[in-house]
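This briefing covers selected helices, helix pairs and strand pairings. Please read it alongside the sequence and the coordinates shown here.

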Amino acid sequence: MKDYYLDSEKKLSMDDIQKQFSDHLQYAFWDKSNAQERHYCRALMMLLQDQIIPMWVKTQYKHKENKVKRLYYLSAEYLPGRLLVNNMINLGIQKSIQKSLTSHKGSPLNWEKICAAEDEPGLGNAGLGRLASCFLDSIATQKIPCMGYGLRYHYGTFAQTIVDGNQVARPEDWIKDQSIWCIPQHDHAFAVKFGGKVAVQNIGGRTEFIWQPSYEVLGLPYVIFITGYNSKTVNSLFLWESKSIKFLDRSDLQQSNYTESIIHQIEAEKLTYVFYPREKYLAGQELRFKQQYFFAACSIQDIIKRFESENGKDYSQFHEKVAIQLNDTHPSLAIPELMRLLVDEKKLPWEMAWSITEKAFSYTNHTLMPEALEKWPVYFFQRFLPRHLQIIYEINRRFLDHVNIAFPGETDRLRRMSLVEEGQEKQIRMAHLATVGSHKINGVSSLHTELLTKTALPDFCKLQPGKFINITNGITQRRWLMVANPELSELIISRIGDRWLTDMEQLRELEVHSQDEGFRDLFQQIKLSNKKRLANFIFSELHTTLDTSWVFDVQAKRIHEYKRQLLNLLHIISLYIRIQENPDLARLPYAFIFAGKSSPDYQRGKLLIKMIHIVAEKIKKDPVASKKIQVIFLPNYKVSLAEKIIPAADVSEQLSTAGTEASGTSLFKFALNGAHTVCTMDGASIEMVRELSIENVFVFGMDLKKINHLKKIQNYNSWEIYEKNPLLKKTIDFIKNGELCKDSSDLFKDLLHSLFEEGDPYYILEDFASYVECKEKVDQLYRNQDEWNRKAIVNISRMGKFSADVSIKNYNEKIWNG
């Protein structure tokens, strides 16, 4: 693939790159002779910003001049990963810069070490944030005018370390070295109100509500530039940071009110200090609630300011210029906030304000898990957002009147659909608020959308079926193939060109090459090279040697019961038992690699991590089993680690119980890099199996239809399943009798309790036999490396549907009407 530059008038020569790099290195670290990788990295970041900022200015000017309709994307999480290489690829100058540095005057520089010196923005901890980042990349690539909004958490994720097999969460302050990418935009600061009371006045025959807050907080934005691939478009990601309203006022210091000023500053800054405060405590719940409103209030004020600066105060055309996308329920308070500003401050009639609001907002639901469908106590609103509570009550009153007309006399339906959940503690249902206040609601896979409309929000769908659509999630191939797996990318480009970088459906042309023995050999060599790279990393981090001829079987994702890491572990333990009984067992040697974080307050998640380490140690000490099984846990899973693991995987484990995973995009990343998928028919797996064909995917376990049948007849008996399956019984007994951990036989009692006393809610025991049988099929196919590689290449060629570019095109056509 040839290098190009987005502005033909300012092409960078090799000499330009080396001179600018040298100048920036002098700035980053005055003693260039003693510069280290992090200084080289900062110099490169500065060089890139010199190219990006003029493009950003040009993009913003063009958007403003043309008064474009702009998308405003609100997400509580972003996980962009390292930006350096991604930006270089998007600008088309990676090869030029890499060549310049590796032929650096004096001595060649280590390209990989320089790139690895960049810290990652810590703005979330799970797939929601990575999806949002993939979407912003695709939005810029497709030249869609967009502002992303989020929060500038100081500790947006935690550093996971392992001590004696236990997860230990430590603060990870990413901000300290991100000042180059994250630029302050303090001219867009806004005040955010909290508490107080609402006064009611009659002014000129109009009833007006005047919120008299007890205190205010200042929202200061920082911008990260979002480049598009070969698009000349640079969009913005605004991250709000909370400060005391007196942040820019030094009079207190001059009047010796220093202590009071510092207290105000500390209280204000708490709002954006930590992502997802500890919700098991009341203080953590309150802080998260205030955090969500702070995010919504800053973003909506900025949206209105931009609208008025470009279009004046004619709000009748607001929805023609503004599309606001809620990425899950976390930003839902933006709906009553927009209503407050339109009704109270812009003096619009309620009906007009509501029409504007509903036409502007759309809502993506990402999960059906009850704990994620947020509800906030009414007394939080009474204490912190009294005016918003009045607005929500009025929205609810008018909405239920509409429901009552459509379904007269159905009081139970009114109760189910109300925004207010009655009970001992009244709560506001945020998913209901987002649904009522949006003109479109989408699920993120065909199964998830079906469940959303039939189980989570069926009454709403019956009332307004046209509101609900499906848009399956996707990943950006630039990040997950071009950045993560450059060797494979170059091989693909050498055969079919590079059009797939903006149209992943073009990978279809690769399928014919699966029949080419020479191509399969090159593909296998690249996989081995990636396995060696990961093995070297594991040795450097864990001092553990990994044989790259073994099967790399990977489950890398958030640690949660419904992700069923326990099922994986039960299979590994059963394999250990079988090897003990028959040392000559005809099984290939496997390296089972786990990665993922558990929420610090999620005890069972942390217990699963402990079990992984106990199993690993048990096998390691066994002279027979250790020749056929190895278990590895890679701590501190994040984007940069995923970029090492995913290209090296032979097998991708997607084990969630059918009906629990909304989408799941990690399976796309693994399959795109040539891993074979072991999966249930859950989330987006169903669509991927359909695209790849059933013979190219290892499917196991119950589907949702069978699970629902079991629930209906209430005929699931964990003990009966346990007794009927000898291998499962041996495996459970191995844990229960203390053979796994002789020092503490009750260590995993709580996990066993979930399987038996709690009725095995994720059907691990029922799916065990099917999973074991499925893994036998994996073993058989891997023995035929030629066929294994052929199928892997076919799978890559059929992944086009699962590009984030396709998802964004669907959003733009079906929801944003761009």
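Just after α2, K67 adopts a positive phi of about 50°. The model is a predicted one, and the points below are grouped by helix geometry, helix packing and sheets.

**Helix α2**

- Helix α2 covers residues 37-65; its 29 residues, at 1.5 Å a residue, should span 42 Å, and the end C-alpha atoms are 42 Å apart, so the two values agree.
- A kink of about 25° is nevertheless located at D50 in α2, shortly before the proline P54.

**Packing of α6 with α33**

- Two packed helices are described by the angle between their axes and the distance between those axes.
- For helix α6 (residues 127-141) and helix α33 (residues 804-816), the axes come within 9 Å and cross at roughly 75°.
- The crossing makes α6 roughly perpendicular to α33, because angles of 65 to 115 degrees are counted in that class.
- On the α6 side the contact involves C134, F135, S138 and I139, which meet A804, D805, S807, I808, Y811 and W816 of α33.
- By residue class, the contact of α6 with α33 comprises seven nonpolar, two polar and one charged residue.

**Packing of α11 with α14**

- The axes of helix α11 (residues 334-345) and helix α14 (residues 386-406) cross at roughly 95° and come within 10 Å.
- These two helices, α11 and α14, are therefore roughly perpendicular to each other.
- Helix α11 contributes P336, E337, M339, R340, V343 and D344 to the contact, while α14 contributes R387, H388, I391 and I392.
- The residues in the contact of α11 with α14 divide into five nonpolar, one polar and four charged.

**The six-stranded parallel sheet**

- Six strands build an open sheet with parallel pairing, in the order β20-β19-β18-β21-β22-β23.
- The edges are occupied by β20 (629-634) and β23 (698-699); each has a single partner strand, so one side of each lacks a neighbour in the sheet.
- Strand β19 (residues 590-595) pairs with β20 in the parallel sense over six bridges.
- Within this pairing, F594 stands opposite F633 in β20.
- Helix α21 (residues 517-542) packs on the sheet and touches β18 (551-556), β19 and β20.
- The direction of α21 makes about 70° with that of β20.

**The β3-β4 hairpin**

- Strand β3 (residues 158-163) and strand β4 (residues 166-171) pair in the antiparallel sense over six bridges.
- One residue pairing places Q160 opposite A169 in β4.
- Two residues separate β3 and β4 in the hairpin, and D164 in the turn has a positive phi of about 55°.

**The three-stranded antiparallel sheet**

- A second open sheet contains three strands in the order β13-β15-β14, with antiparallel pairing.
- Its edge strands are β13 (375-377) and β14 (420-421), each of which pairs on one side only.
- Strand β15 (residues 427-429) and β14 pair in the antiparallel sense over two bridges.
- The bridge partner of V420 is I428 in β15.

Notes
Residues numbered from 1 in each chain as written. Predicted model: local features only at pLDDT ≥ 70, side-chain atom pairs only at ≥ 80, totals over all residues. Heavy atoms only, no water. Axes fitted to C-alpha atoms, helices over the stretch in contact; angles between N-to-C directions. Helix = DSSP H or I, 4+ residues; strand = E, 2+ residues; numbered from the N terminus. Parallel < 35°, antiparallel > 145°, perpendicular 65-115°, else oblique. Contact = heavy atoms within 4.5 Å. Nonpolar A, V, L, I, M, F, W, Y, C, P; charged D, E, K, R; others polar. Expected span 1.5 Å × (residues − 1). Bend = angle between axes of the 7 residues up to and from the residue. Pairing = 2+ DSSP bridges.
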